[in-house]
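The exercises below are meant to be worked through with the sequence and the coordinates open side by side. Try each task before reading its solution.

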Amino acid sequence: MSRVAVLAGGVGAARFLDGLVRVVPPTDVTAIVNVGDDMEWSGLHISPDLDTVTYTLADLVNPETGWGLRGESRRTLDRLSELGGPDWFMIGDLDLATHLYRTHRLSQGDPLSAITRDLTRRLGLELAITPVTDDQLRTVVETDSGELAFQDYFVKRRAADPVHSLRFDGANSSSPAPGVIDSLQEADVIAIAPSNPFLSIDPLLSVPGVRDAVTSSAAPVVAISPIIGGQAVKGPAADILQSLGHDVSALGVARIYDLLADVFILDEEDASLATEIDAETGMRVVVMATLMKDVEAKMALASGTLKAALDAG
Ligand code: GDP
Ligand code: CA
């Protein structure tokens, strides 16, 4: 029996969780998900990382993008564009239902965590998926062009601006959603998904109490590198490592997780960095294949990660 709490962003985390729920009972898994990317769009509350995780685990996700629904259309968005409305953020016709449902319930005063739980159950999922907080937390990106709201930086401007610093508005006055701290305290393993350390994991840790719950937990903490061969599998993680002055490699990621994790999962392509990471950080380094190209690879990474954590703990 191993209860696993996973610190999760979007696509990288969703793929990891998809493997994890196939190697342990899903009811033993809690995904604690980033909400720093959340935004208001045409009056609707959008939670991109929560949707990526739930759509992926429900086998509804668009395999090409890793987010959004499979077989999606954009008639509403095209019509909105004709009306002069915003069309730079892709909201598919079917995806819209999720945002309508969520926004309506938020407007009735229901917390995001309860709404997410209900959506998760509706989709037939047995794992717990929860936003890290029910409070508003928004990632703000400082660039040469000034401060950008997260989705302005990420989608509108295609993550092309070098990032000088990041801020998580609202984090200081936020509290963890119900069950978040308990799931970390009761976990047998805490996993930091192969997510963007700056845009996905840092916002989670900025919610008061979360970092402490991770570091004070009796469970081994295992982090999986999202960087393979000096590159992100997708997204701006490598660019941000660079612009914030970190080593653009799994070593750079390992230094960031040093005080948080006990075990670091390094891709076999980066095996030559193992000695250095081992010598420089307090983490035990375990090398394995981390590219989650198919379901077998996801399952192998999940079981290898759990084994590495439990061997250390
Ligand atoms: P986002 O919110 O959708 O950007 O998702 P995450 O932060 O969860 O994931 C983005 C990170 O996942 C990127 O830094 C990728 O390099 C990493 N990632 C995606 N797929 C894989 C994979 O198959 N293996 C590894 N090791 N990392 C991955
Ligand atoms: Ca995200």
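A residue is called buried under 20% relative accessible area, exposed over 50%, and partly exposed in between. The model used throughout is a predicted one.

**Exercise 1. Aromatic pairs**

Task: Find how many aromatic pairs the structure holds, and classify the pair formed by Trp-88 and Phe-89 by its geometry.

Solution: Step one is the search of the whole structure, which finds three aromatic pairs. Step two takes Trp-88 and Phe-89, whose rings lie 5.9 Å centre to centre with 80 degrees between the planes; because planes over 60 degrees apart count as edge-to-face, this pair belongs to that class. Step three turns to accessibility: Trp-88 has a relative accessibility of 27% and therefore counts as partly exposed, whereas Phe-89, with a relative accessible area of 9%, is buried.

Another of the pairs joins Phe-150 and Tyr-153, which are 6.2 Å apart centre to centre, with 55 degrees between the planes, and so count as tilted. These two residues are three apart in helix 6, which means that about one helical turn separates them, and both are buried. Phe-150 and Tyr-153 also form one aromatic cluster together with Phe-154.

**Exercise 2. The calcium site**

Task: Identify the protein donors of the calcium ion (ligand 2) and state where in the chain they come from.

Solution: The donors are side-chain oxygens listed as Asp-37 (OD), Asp-49 (OD) and Asp-49 (OD), and they lie 2.0 to 2.7 Å from the ion. Asp-37 sits in the loop between strand 2 (29-33) and strand 3 (39-41), while Asp-49 belongs to helix 2, so the pair ties together parts that are 12 residues apart in sequence. As for accessibility, Asp-37 is buried at 7%, and Asp-49 is buried at 7%.

**Exercise 3. The surroundings of strand 13**

Task: Describe how strand 13 (residues 263-267) is covered, and trace its pairing with strand 10 and strand 14.

Solution: Begin with the strand itself, in which five of the five residues are buried. In a regular strand the side chains alternate between the two faces of the sheet. Here Val-263, Ile-265 and Asp-267 point one way, and Phe-264 and Leu-266 the other way.

Next, follow the pairing. Strand 10 (residues 221-224) runs parallel to strand 13 and is joined to it by three bridges, with Ile-224 partnered by Ile-265. Strand 14 (residues 284-288) also runs parallel to strand 13, through five bridges, and here Leu-266 has Val-287 as its bridge partner. Finally, strand 13, helix 12 (residues 274-280) and strand 14 together make a right-handed β-α-β unit.

**Exercise 4. Three loop residues**

Task: Decide whether Asp-59, Arg-158 and Thr-133 are buried or exposed, and note what else marks each of them.

Solution: Asp-59 lies in the loop between helix 2 (48-57) and helix 3 (75-82) and, although not a glycine, has a positive phi of about 60 degrees; its relative accessible area of 52% makes it exposed. Arg-158, in the loop between helix 6 (150-156) and strand 8 (165-169), likewise is not a glycine and has a positive phi of about 50 degrees, and at 70% relative accessibility it is exposed.

Thr-133, in the loop between strand 5 (128-131) and strand 6 (138-143), is buried at 0% relative accessibility. The side chain of Thr-133 reaches the backbone nitrogen of Asp-135 at 2.9 Å. Leaving aside neighbours within four places in sequence, the contacts of Thr-133 include Val-35, Leu-112, Pro-176 and Val-207.

How values were computed
Residues are numbered from 1 along each chain as its sequence is written. Chains are lettered from A and ligands numbered from 1 in the order in which they are written. Side-chain values use heavy atoms; hydrogens and water are left out. Helices (H or I, at least four residues) and strands (E, at least two) are DSSP runs, numbered from the N terminus. Buried means under 20% relative accessible area, exposed over 50%, partly exposed in between (1.4 Å probe, protein chains only). Two strands pair if DSSP finds at least two bridges between them. A crossover is right-handed if, with the strands pointing away from the viewer, the path from the first strand over the helix to the second runs clockwise. A polar contact is a pair of N or O atoms within 3.5 Å; within protein, one must be able to donate a hydrogen and the other to accept it, and residues adjacent in sequence count only if both atoms are side-chain atoms. Contact means heavy atoms within 4.5 Å. Donors are N, O and S atoms within 2.8 Å of the metal (3.2 Å for Na, K and Ca); water is not among the atoms, so sites may look incomplete. Rings of Phe, Tyr and Trp (its six-membered ring) pair if their centres lie within 6.5 Å; planes under 30 degrees apart count as stacked, over 60 as edge-to-face and the rest as tilted.
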